[in-house]
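Take a look at the protein below. We will go from the whole chain down to single side chains.

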Amino acid sequence: LGQRLAPVGSPRSLFLSARRHRLDMARGLSRELSQQKNVKAQAKVNKGNQEGMSALQRAERDKQVMQEKAARKAADKEAQLAAGVLSPDELAEQERKKAAAKEAKKERQYAQTQVCIHSAHVHRRDKTTGWSQLN
């Protein structure tokens with residue numbers, strides 16, 4: 001039923017032992033490759049979270065950092081107003097320009113979305129009546 005055993009040292013026994021060795025090496029190589037693939041997969045899973053914090057903890061930390069930054073900017077503006085570097089009118093003009101730039105950016109971002117593009121195609125104005133027509 002099975003293979004006949006060859007005498008030790010015969011060419012056939014050497015061939016069989018070499019074949020067995022190659023199969024063992026293939027299994028070992030497969031195991032190594034599988035371990036490397038697993039390590040890469042684990043690295044991808046943990047790629048974004050290098051700090052060991054949960055999403056809620058990161059959000060709290062980021063919120064605190066942004067509040068500190070806003071407080072520093074407000075203190076800087078107050079110092080500029082107190083030193084006479086900026087007048088209240090100049091400060092109001094700067095704030096108005098920033099708000100307008102922020103609104104324009106939001107509009108540009110919305111104009112690039114699929115919702116805006118789709119609604120522009122669906123609701124076209126009829127040139128003769130001026131009413132919106134569904135296509």
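A residue is called buried when its relative accessible area is under 20%, exposed when that area is over 50%, and partly exposed in between. Keep these cut-offs in mind. K77 has a relative accessible area of 26%, so K77 is partly exposed. We will return to K77 shortly.

Start with the overall picture. This is a predicted model. The protein has four helices and two strands. Follow the sequence and the elements come in the order α-α-α-α-β-β.

How much of the protein is buried? Of its 135 residues, 5% are. The protein exposes about 12500 Å² of surface. Carbon and sulfur atoms supply 58% of that area. Now turn to the contacts between residues with a separation of 6 or more. Pairs that are 24 or more positions apart account for 0% of them.

How far can the model be trusted? The mean pLDDT of the protein is 78. A value of 70 or more is reached by 61% of the residues. The elements vary. Helix α2 has the highest mean pLDDT among them, at 93. Strand β2, residues 132-134, has the lowest, at 54. Where pLDDT is low, the predicted coordinates should not be read in detail.

Let us go to helix α2, then. It covers residues 55-83, which makes 29 residues. How far apart should its ends be? At 1.5 Å a residue, the helix should span 42 Å. Its end C-alpha atoms are 42 Å apart, so the model agrees with the expected span. Just after α2 comes G84. This residue takes a positive phi of about 85°.

Next, look at the charged side chains. How many salt bridges does the structure hold? There are three.

One of them joins R61 and D62, with N and O 3.0 Å apart. R61 sits in helix α2. Its relative accessibility is 30%, so R61 counts as partly exposed. D62 has a relative accessible area of 38%, so D62 is partly exposed too. What else does R61 touch? Leaving out residues up to four places away in sequence, R61 touches E51 and M53.

Another salt bridge brings us back to K77. Its partner is E95, and the closest N and O atoms are 2.3 Å apart. Why does this pair deserve a look? K77 lies in helix α2 and E95 in helix α3, so the salt bridge ties together parts that are 18 residues apart in sequence. E95 is partly exposed, because its relative accessible area is 33%.

Stay in helix α3, which runs over residues 88-111. Here the side chains of E93 and R96 meet in a salt bridge, at 2.6 Å from N to O. Why can they meet? An α-helix has 3.6 residues a turn, so residues three or four places apart point the same way. E93 and R96 are three residues apart in helix α3, so about one helical turn separates them. E93 has a relative accessible area of 33%, so E93 is partly exposed. R96 is at 48%, so R96 is partly exposed as well.

Now look back at the whole. Three salt bridges are present, and one of them links helix α2 to helix α3 through K77 and E95. Helix α2 is also the element with the highest mean pLDDT.

Note on methods:
Residues numbered from 1 in each chain as written. Predicted model: local features only at pLDDT ≥ 70, side-chain atom pairs only at ≥ 80, totals over all residues. Heavy atoms only, no water. Expected span 1.5 Å × (residues − 1). Buried < 20%, exposed > 50% of the residue type's maximum accessible area, 1.4 Å probe, protein only. Contact = heavy atoms within 4.5 Å. Areas by Shrake-Rupley, 256 points an atom, 1.4 Å probe, with all protein chains shown as cover. pLDDT = per-residue confidence, 0-100. Salt bridge = Lys/Arg side-chain N within 4 Å of Asp/Glu carboxyl O.
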